[in-house]
Amino acid sequence: MASTATDSKTPSNGIQYEGVDGTDQNVLKKHVAFFDRNKDGVIYPWETFQGFRAIGCGLLLSSFAAIFINVGLSRKTRPGKSFSLSFPIEVNNIQKSKHGSDSGVYDSEGRFVPSKFEEIFNKHAHTNANALTSEELQSMLKANRVPKDFGGWLASFVEWKILYVLCKDKKGLLQKDTVRAVYDGSLFEQMAKEKASSGKQA
């Protein structure tokens, strides 16, 4: 007899989701958890800096990322709280920091939407079905732009360009598996382990 219960990953709106595990941590929280270096639920600029250094970024890029990310996201994740010059990001509210002109792979609650992820490659990966070239990435960014959403344009550009620079392969391709791993945060852990084992200093 077929069950009439709704699948836990397929709510009444019919959209397939992934990402809420037994601890109720959605994928967007997992994406940023690596940068919460002391695991207290708050990410400060120096933790963002340390996280980028841990995955092999240089001083300049790590400093830029710490300022850009924390200044841009802090207020959004702290609704109702006063402004803080330490620019903390509250992990539990990270879904409130979602910007426009993005891929839609995270929904408004921070859940991973597989169909939107596949859409990135179905629509834009023409050279290789499982990877994006620099030109294809730029085409995707342009296609996702919401008119006059300049903040969203900038945020998307910075996020994807940093990912491309750090993770493109020798052929200049950003692989699908790499993009999937960055969405759930596992890529950061992997990169940190590789850097630590290599003993290289950026």
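This report walks through confidence, salt bridges, aromatic contacts and two unusual backbone angles in a predicted model.

## How far to trust it

The protein averages a pLDDT of 88, with 86% of its residues at 70 or more. Two stretches fall well short of that. Residues 1-10 stay under 50, and the model gives them seven contacts beyond four places in sequence. Residues 19-25 are also below 50, with ten contacts in the model beyond near neighbours in sequence.

## Salt bridges

Searching the whole structure turns up nine salt bridges. Take K81 and E90 to begin with: their closest N and O atoms are 2.5 Å apart. The two ends sit in unlike surroundings, since K81 is partly exposed at 42% relative accessibility, while E90 is buried at 16%.

K98 and D102 also pair up through their side chains, at 2.7 Å from N to O. Here K98 has a relative accessibility of 28%, so it counts as partly exposed, and D102 is partly exposed too, at 26%.

Then there's D184 with R180, where the closest N and O atoms are 3.5 Å apart. D184 is partly exposed at 26%, and R180 is partly exposed at 23%. Back at K81 and E90, shared partners bring in R78, joining R78, K81 and E90 into one network.

## Aromatic rings and the charges over them

There are 13 aromatic pairs in the structure. One of them is F112 with F117, a tilted pair with centres 5.7 Å apart and 45 degrees between the planes. Both F112 and F117 are buried. They belong to a cluster in which ring pairs link Y106, F112, F117, F121 and Y183.

What sits over the ring of F112? That would be the charged end of R180, 3.9 Å from the ring centre. So R180 has two roles to look at in the viewer: the salt bridge with D184 and, because its CZ lies within 6 Å of the ring centre and within 35 degrees of the ring normal, a place over F112. Elsewhere, the charged end of R145 sits over the ring of W153, 4.9 Å from its centre.

## Two positive phi angles

F87 isn't a glycine, yet its phi is positive, at about 45 degrees. You'll find F87 in the loop between α3 (59-73) and β2 (89-90).

S101 is another non-glycine residue with a positive phi, near 60 degrees. It lies in the loop between β2 and α4 (114-124). Is S101 buried or exposed? With a relative accessible area of 4%, S101 is buried, because the cut-off for that is under 20%.

Note on methods. Residues are numbered from 1 along each chain as its sequence is written. This is a predicted model: local features need pLDDT of at least 70, side-chain atom pairs count only at pLDDT 80 or more; totals for chains, interfaces and linings use all residues. Side-chain values use heavy atoms; hydrogens and water are left out. Helices (H or I, at least four residues) and strands (E, at least two) are DSSP runs, numbered from the N terminus. Buried means under 20% relative accessible area, exposed over 50%, partly exposed in between (1.4 Å probe, protein chains only). Rings of Phe, Tyr and Trp (its six-membered ring) pair if their centres lie within 6.5 Å; planes under 30 degrees apart count as stacked, over 60 as edge-to-face and the rest as tilted. pLDDT is the predictor's confidence in each residue, from 0 to 100. Contact means heavy atoms within 4.5 Å. A salt bridge is a side-chain nitrogen of Lys or Arg within 4 Å of a carboxyl oxygen of Asp or Glu.
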